[in-house]
Amino acid sequence: DLIRTAETCKIALPGANPEYLKLLREFDVGSLVDIDYRTIERIQSDDPAEKPDYTHYGGENAIIVGQRLQEFLRIIENSDYECVAAFTHYGIVNCMLRYVTQVVPAHNSIDIGNCSVHAFEFDGEKWRVLAVNYMRPLF
């Protein structure tokens with residue numbers, strides 16, 4: 001799953017030297033890895049806080065992925081970086097929105113566009129959402 005994000009990074013930021021962090025990997029779906037996504041959608045947990053939930057198949061749920069994401073955010077919070085571009089997938093963006101807004105939306109209720117930009121800011125104390133699904137040219 002990091003191969004596609006690396007390709008996107010090279011297109012969006014030519015010449016960038018990306019750092020690959022497993023903390024930003026998409027959900028581990030366990031033994032469901034080769035099953036069509038629409039089939040997987042039908043066997044999800046009913047608890048919105050855990051959706052998606054692949055723990056019964058040796059994978060992760062939203063709580064586990066959220067913990068990974070929080071570890072990544074702590075790295076950013078404690079760094080000297082002024083700006084970070086993270087190229088990732090739907091599940092990570094959705095968890096970021098959950099974490100920053102402290103709202104657990106119904107699974108797939110937020111339409112996250114393919115190759116869209118989501119901007120977040122950390123002001124030294126808290127994170128906030130600046131833009132969701134920003135699709136205009138950046139430059």
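This passage walks through the fold, the core, the hairpin, the cysteines and one pocket of a predicted model.

The overall layout is a good place to start. The protein chain contains four helices and two strands, and their order along the sequence is α-α-α-α-β-β. A reader following the chain from its beginning therefore meets the helices before the strands. Of the 139 residues in the protein chain, 31% are buried. Contacts also reach across the sequence: among those between residues at least 6 apart, 53% join residues at least 24 apart.

The interior comes next. In soluble globular proteins, nonpolar side chains tend to be buried together. Here, the largest nonpolar core comprises 18 residues, and those with the most contacts inside it are Phe27, Tyr54, Leu69, Phe72, Leu73, Met96 and Trp127. Two or more residues of this core come from each of helix H3 (62-77) and helix H4 (90-101). H3 is the greatest contributor, giving six residues. Phe27 offers a helpful spot from which to look around. Leaving aside residues up to four places away in sequence, Phe27 touches Pro52, Tyr54, Glu60, Asn61, Ala62, Val65, Arg68, Gly91 and Cys95. Tyr54 thus appears both among the neighbours of Phe27 and among the core residues with the most contacts.

The two strands can be viewed as a pair. Strand E1 (residues 117-122) and strand E2 (residues 127-134) run antiparallel and are joined by five bridges. Within this pairing, Phe120 stands opposite Val129 in E2. The two strands form a hairpin with four residues between them, and Gly124 in the turn has a positive phi of about 100 degrees. Trp127, listed above for its contacts in the core, falls within the residue range of E2.

The cysteines deserve a short look of their own. Cys9 has a relative accessible area of 6%, and because this is under 20%, Cys9 counts as buried. The value for Cys95 is 5%, so Cys95 is buried by the same cut-off. The structure holds zero disulfides.

Finally, attention turns to a pocket. The second largest pocket has a volume of about 470 Å³. Its lining consists of 21 residues, of which Pro18, Glu19, Val84, Ala85 and Ala86 are the closest to its centre. Helix H1 (2-12) and H3 each supply at least two residues of this lining, with H1 giving the most, at four residues. H3 therefore takes part in the lining of this pocket and also in the largest nonpolar core.

Note on methods. Residues numbered from 1 in each chain as written. Predicted model: local features only at pLDDT ≥ 70, side-chain atom pairs only at ≥ 80, totals over all residues. Heavy atoms only, no water. Core = buried A, V, L, I, M, F, W, Y, C linked by side-chain atoms within 4.5 Å. Buried < 20%, exposed > 50% of the residue type's maximum accessible area, 1.4 Å probe, protein only. Contact = heavy atoms within 4.5 Å. Pairing = 2+ DSSP bridges. Disulfide = S-S within 2.5 Å. 1 Å grid on protein atoms, 1.4 Å probe; cavity = no way out; pocket = protein on both sides within 12 Å on 5 of 7 lines; lining within 4 Å. Points joined across faces, edges and corners; volume = space filled by probe spheres on them.
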